Amino acid sequence: MQTTQHHAIGKSVLRLEDGPLIRGEGRFVDDLKFAGMLEAAFVRSPHAHAGIRGINTDVARRLPGVHAVLTSSDLAPLLTQERLPLQFRTDQLPQDVAPFVLAKDEVVFVGEAIALVVAKTRAIAEDAAALVEVDYEPLPAISDCRAALRPGAPLAHRRKSSNLLIEFRQAYGDAAAAFARAPHRVRVNLKQHRGGAHSMEGRGAAAVYDVNEDHLTLWSSTQLAHEVRAFLMRLLRLDENRVRVVAPDVGGGFGGKFVLYPEEVAVAAASLRLRRPVKWIEDRREHFCACVQERDQYWDMEAAFDDEGRVLGVRGELIHDQGAYTPQGLNLPYNTSTGVPGPYIVPAYDLWVRVVETNKVATMPVRGAGYPEA
């Protein structure tokens with residue numbers, strides 16, 4: 001029996017996906033069309049921190065073309081829990097750190113989703129969203145992770161006693177001894193600002209529930225189709241044979257789509273409830289407000305070295321802004337804290353890390369997962 005061998009080393013390997021994209025034949029979430037499809041828009045918080053005393057959806061529901069205005073209480077019967085699952089599970093973190101599918105009685109960053117409007121068109125949905133009346137109780141907000149640790153700082157969450165989410169240490173060798181014997185030291189204080197994953201295509205989700213087959217399909221502009229499916233199964237009580245997640249052409253991700261979002265769950269739940277296809281496409285303003293961002297860190301670092309410039313030890317403190325929620329875990333500050341030595345010979349290392357909550361959108365591994373910051 002003869003076998004055909006394929007050798008790629010030393011040869012140009014042609015990409016398979018370029019042709020359709022170059023010809024304008026790409027198939028992104030917003031290109032999908034389904035019979036009877038409805039479109040969605042979200043009511044989002046204009047406050048960095050506020051209590052929600054009430055939500056009045058009566059006027060919005062009466063707008064012609066509106067099919068539903070859904071709040072947390074409307075979705076509750078479909079969901080197994082109000083919050084998203086912590087996507088990188090760890091016993092180090094408390095249970096109340098992940099985002100809500102829809103905010104219920106408190107909003108903790110500008111852009112947090114409070115209600116979902118489903119209508120005949122996106123324009124109608126946006127008009128109706130503007131008619132939803134939310135009774136806010138403005139609360140003090142904190143935006144700087146270093147200031148958040150000071151005594152008397154506003155709390156990012158009113159039910160918590162501190163903005164410090166967790167602290168940990170990365171260390172090896174004897175840094176104290178290295179500094180004691182070093183003839184030279186250098187110190188630096190750095191602030192690394194936030195950034196975002198601004199891909200050409202924003203986030204998007206289209207959910208289709210097939211009544212005849214009792215089957216849900218979600219098309220999502222995601223980097224994690226299998227994980228999104230697993231979490232939808234858990235959140236919506238769906239058997240593995242009743243749910244499918246498809247990532248069509250994706251116009252960039254860069255880490256911004258490396259997480260399950262509340263919008264994906266809300267759109268899927270709306271399709272189950274209405275028995276109609278429902279599509280939501282993120283606009284650029286929503287992306288700036290509600291898509292995860294990267295870093296925001298303060299570094300206070302010191303290096304010890306000898307007369308020839310050899311590093312003897314590095315030590316310091318990192319304060320990391322986690323934002324209002326932790327959708328995934330501690331991988332960003334952890335990667336940052338372990339990446340400092342890099343390719344260099346550093347005999348001793350001691351870094352104290354404090355991870356802090358603020359009233360801003362969550363930080364996540366974007367464009368390097370924390371290592372470039374280190």
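**Figure 1. The largest cavity of the predicted model and its lining.** In this predicted model, the largest cavity has a volume of about 190 Å³. Its lining is made up of 19 residues, and those that lie nearest the centre of the cavity are Pro99, Phe109, Tyr261, Pro262 and Ala290. Divided by class, the lining of this largest cavity comprises 15 nonpolar residues, one polar residue and three charged residues.

**Figure 2. The second largest cavity and the residues around it.** The structure holds two cavities of 30 Å³ or more, and the second largest has a volume of about 60 Å³. Arg203, Gly204, Ala205, Ser220, Ser221, Thr222, Lys257, Val259, Tyr261, Glu264 and Trp280 line this second largest cavity, and by class they divide into four nonpolar, four polar and three charged residues. Tyr261 is among the residues nearest the centre of the largest cavity, and Tyr261 also belongs to the lining of the second largest cavity.

**Figure 3. The largest pocket and the strands that contribute to its lining.** The largest pocket has a volume of about 320 Å³. It is lined by 18 residues, among which Val188, Met301, Val314, Val340 and Ala374 lie nearest the centre. Strand E8 (184-192), strand E15 (297-305) and strand E16 (311-323) are the elements that give two or more residues to this lining, and E8 gives the most, with five residues. In terms of class, the lining of the largest pocket contains 14 nonpolar residues, one polar residue and three charged residues.

**Figure 4. The second largest pocket, lined from one strand and two helices among other parts of the chain.** The second largest pocket has a volume of about 270 Å³, and its lining consists of 14 residues, with Phe42, Arg44, Asp283, Arg285 and Glu286 lying nearest its centre. The elements that give two or more residues to this lining are strand E1 (38-44), helix H4 (122-131) and helix H8 (284-290). Six of the lining residues are nonpolar, two are polar and six are charged.

**Figure 5. The nonpolar cores and the surroundings of Leu116.** The largest nonpolar core holds 36 residues, of which Phe42, Leu75, Leu116, Leu216, Leu232, Leu236 and Val265 touch the most other members. Helix H7 (residues 262-274) gives the most to this core, with seven residues. When residues up to four places away in sequence are not counted, Leu116 touches Ala40, Ala41, Phe42, Ala68, Val69, Leu70, Leu102, Ala266, Val267 and Ala270. A second, separate core of 19 residues includes Ala41, Ala50, Val69 and Val134.

**Figure 6. The environment of Phe179 in helix H5.** Phe179 lies in helix H5 (residues 175-181), and it counts as buried because its relative accessibility is 1%, where the limit for a buried residue is under 20%. Leaving aside neighbours within four places in sequence, Phe179 is in contact with Arg185, Glu302, Ala303, Ala304, Gly313, Val314 and Arg315. Phe179 and Ala303 are 124 residues apart along the chain, and their C-alpha atoms are separated by 8.1 Å.

**Figure 7. Salt bridges of Arg15 and Arg159.** A search of the whole structure finds 33 salt bridges, including one between Arg15 and Asp18, in which the closest N and O atoms are 2.8 Å apart. Arg15 counts as exposed because its relative accessibility is 55%, whereas Asp18, with a relative accessible area of 25%, is partly exposed. Arg159 forms a salt bridge with Asp105, the closest N and O atoms being 3.1 Å apart. This pair links distant parts of the chain, 54 residues apart, with Arg159 in the loop between strand E6 (133-138) and strand E7 (164-172) and Asp105 in the loop between helix H3 (72-75) and strand E4 (106-107). Arg159 is exposed, at 59% relative accessibility, while Asp105 is partly exposed, at 25%.

**Figure 8. The buried pair Arg203 and Glu263 and the network to which they belong.** Arg203 forms a salt bridge with Glu263, with 2.9 Å between the closest N and O atoms. The two residues are 60 residues apart and link distant parts of the chain, Arg203 lying in the loop between strand E9 (195-196) and strand E10 (204-210) and Glu263 in helix H7. Both Arg203 and Glu263 are buried. A network of salt bridges links Arg44, Arg122, Glu126, Arg203, Glu263, Glu282, Asp283 and Glu286. Among these network members, Arg44, Asp283 and Glu286 are also listed with the residues nearest the centre of the second largest pocket, and Arg203 is also part of the lining of the second largest cavity.

Conventions: Residues are numbered from 1 along each chain as its sequence is written. This is a predicted model: local features need pLDDT of at least 70, side-chain atom pairs count only at pLDDT 80 or more; totals for chains, interfaces and linings use all residues. Side-chain values use heavy atoms; hydrogens and water are left out. On a 1 Å grid over the protein atoms alone, a cavity is a set of points where a 1.4 Å probe fits but cannot get out, and a pocket is an open set with protein on both sides within 12 Å along at least five of seven lines; lining residues have an atom within 4 Å of a point. Grid points are joined across faces, edges and corners, and a volume is the space filled by probe spheres set on the points. Helices (H or I, at least four residues) and strands (E, at least two) are DSSP runs, numbered from the N terminus. Ala, Val, Leu, Ile, Met, Phe, Trp, Tyr, Cys and Pro count as nonpolar, Asp, Glu, Lys and Arg as charged, and the others, Gly among them, as polar. A nonpolar core is a set of buried Ala, Val, Leu, Ile, Met, Phe, Trp, Tyr and Cys residues joined through side-chain atoms within 4.5 Å. Buried means under 20% relative accessible area, exposed over 50%, partly exposed in between (1.4 Å probe, protein chains only). Contact means heavy atoms within 4.5 Å. A salt bridge is a side-chain nitrogen of Lys or Arg within 4 Å of a carboxyl oxygen of Asp or Glu.
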